[in-house]
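Student: I am new to this structure. Could you take me on a close look at one part of it?

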Amino acid sequence: MAFLYWQQLIPIQALWVAVAIGLYPLVKTGAVDLVKERKIGTEIFVTIATVVALIGGETVAGAVLMVIILIAEFIADLNMDRARASIKDLIGSVPQVALVRDAGGERMVPIENLRAGDVVLVRAGEKIPVDGTVVGGAASVNEASITGESIPKDKSDGADVFAGTIVESGALDIETEKVGADTTFARIISLVENAEAEQAPVQKLADKVASWLIPVVLIFLVAVYLYTRDIRMIVTLLIFTSPAELGLATPLVIIAAIARAARSGILVKGGVYLESLAKVDVLVFDKTGTLTANKPEVVGVEIQDGTLSEADLISLAAAADRRSVHPLAKAVVNYAARMKIDFPEPEQYDQLQARGVKATVAGRTVLVGNASLLREAGVPLSDAIEKGGQTPVHVAVDGTFAGVIFIADTLRPGAREALAKLRATGVKRMVMVTGDNEATARTIGKELGMDEVRANLMPQDKVAAIAELQKQGHRVAMVGDGINDAPALARADVGIAMGGGGAQAALEAADIALMKDDLARIVSARAIARRAYRTIQENIFVGVGVVHVLGITAALMGWIGPIQAAILHLGPDVLVFLNSAKLLRVRIQDV
Ligand SMILES: Nc1ncnc2c1ncn2[C@@H]1O[C@H](COP(=O)(O)OP(=O)(O)OP(=O)(O)O)[C@@H](O)[C@H]1O
Ligand SMILES: [Zn+2]
């Protein structure tokens, strides 16, 4: 339009109409912001610039200005859409039909008609359409879409499989457990899609800056006008003082970073956590299941009460522990099974948070847990039983201390390297918090070079430990896996859950979930977060700050007019977008 008018092909009235149409939505949002949120938004700004240009007789400049702002917004939308689409691309999708075998033979069924229990057949090269358990066949399955781990896993009878993962070779019969929106895959997608809604503080800062910048700029412009009486210069200045890109500089980075993380099996539940993770200086770790491999094994049994044999003790303990999901309980149960010791169903069972279990087995009261559990129940106990890196699980039967089962776990492979790398990124202090006993905690803490070890903690003590660190001015990330970690995960600035083997409660309380229990993923998450934060800073300071200062200077010196300004102004927009989109692809060390 502006071009047509310039070439004197259309009357100025047509241009006025075009400008009015373009301006209408801006004026509307601007006015709504002003009235409802008491904030002077970018839209008002653009409106003022255009109106000033028109009143001052700079119609062409006014129109061009508006067109350019609209182009900038269009580029922004386009990039957001692309980034969102790329999240889906990266993670992939789930097939919409499944081959089902039933009494009538084999037939294709749309997944919305599948029910739990249906047996689905998947062959080499196909994607698994449901979450379920393998009931026939064997295959090598690539689970990268869920865990980020691209080395295929062998699956056979009894193995869990997930929708969205790919059978690379072999074939599987899968008994359906979850379909559609209930699958792990669907939950990952919805988490990532909702994540961008949580604004990072730096983005709120951008909004805040914009809201005080605008009045300052307006006063400055009035002053310049009073001094120079030069409308052209004012319009030129308006173009370079508009803080439009400030609002665009962050969201794209955040979406790109979240997508990038998802591809590595790291679920970030909001942009805000990326910024916190980049700034964290203290890391707090849970021990059991987080720093240790979560493969605890019974390594010794010590009898205290001569009337019971070792097999009796194991049988009673395993019976008491068979309903518990605690890793130590599983070790006891597995040991009984391996030693071919029978253990009955408990008549009654109670899991006591961070203590152990209390059960009735064959009419006898059995306690299995730490020393406090026995003491609180009034069982006479001599000194604390400790054995270096092994966890003593105490067993009492009918009020008498019967014996101790020693359980050992190995460190997670790569734990030491991961912690060293995290330290290299500026983590000043590493603290271990655990419900386990002092001696075991110290041994493992020493092996890993922890700065501080706190043992015998209840869930609320873990929260208190984190609150204390925060009070000292630290930004704290907590890494955990268990129900006993959930409150601490929620309290920390960033809660990171070991998602693979971790408890559902921990996954829900966490801000970041690792789909594969690998400490190296924390290093990757930190690297992505730091990179994203740096990109945001680059965008704001270089893309917006520097370019605008240069532009304002050039305008004040009279070197450029409104149209050159408007064209130059596209520069930082493009710069910001390229810089942000780069995050989707660029090599980041440790990712
Ligand atoms: N089901 C159980 N069977 C046996 N002992 C248990 C059981 N549950 C808890 N305990 C005892 O209570 C202690 C504390 O348990 P808690 O779950 O709080 O921490 P943890 O698993 O030892 O360590 P972390 O806090 O590092 O994950 C355990 O070390 C164990 O001695
Ligand atoms: Zn744990």
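Tutor: Here is a walk around the zinc site. This is a predicted model, where local features need pLDDT of at least 70, side-chain atom pairs count only at pLDDT 80 or more, and totals for chains, interfaces and linings use all residues. Side-chain values use heavy atoms, without hydrogens and water, residues are numbered from 1 along each chain as its sequence is written, and chains are lettered from A and ligands numbered from 1 in the order in which they are written.

Let's start with the metal. Asp286 (OD), Thr288 (O) and Asp481 (OD) are the protein donors of the zinc ion (ligand 2), at 2.1 to 2.2 Å. Donors here are N, O and S atoms within 2.8 Å of the metal (3.2 Å for Na, K and Ca), and sites may look incomplete, as water is not among the atoms. Along the chain, the donors of the zinc ion (ligand 2) have the spacing D-x1-T-x192-D. Threonine 288 sits in helix α11 (residues 287-291) and aspartate 481 in the loop between β18 (476-480) and α18 (486-491), so this pair, 193 residues apart, links distant parts of the chain. Helices (H or I, at least four residues) and strands (E, at least two) are DSSP runs, numbered from the N terminus. Aspartate 481 counts as buried because its relative accessibility is 7%; buried means under 20% relative accessible area, exposed over 50%, and partly exposed in between (1.4 Å probe, protein chains only). The angles among its four donor atoms run from 76 to 170°, and the site of the zinc ion (ligand 2) is irregular: four donors are tetrahedral with all angles between 85 and 135 degrees, four are square planar and six octahedral if opposite donors are over 155 degrees apart and all others between 65 and 115, and anything else is irregular. Thr288 is also among the residues that line the largest cavity.

Conventions:
On a 1 Å grid over the protein atoms alone, a cavity is a set of points where a 1.4 Å probe fits but cannot get out, and a pocket is an open set with protein on both sides within 12 Å along at least five of seven lines; lining residues have an atom within 4 Å of a point.
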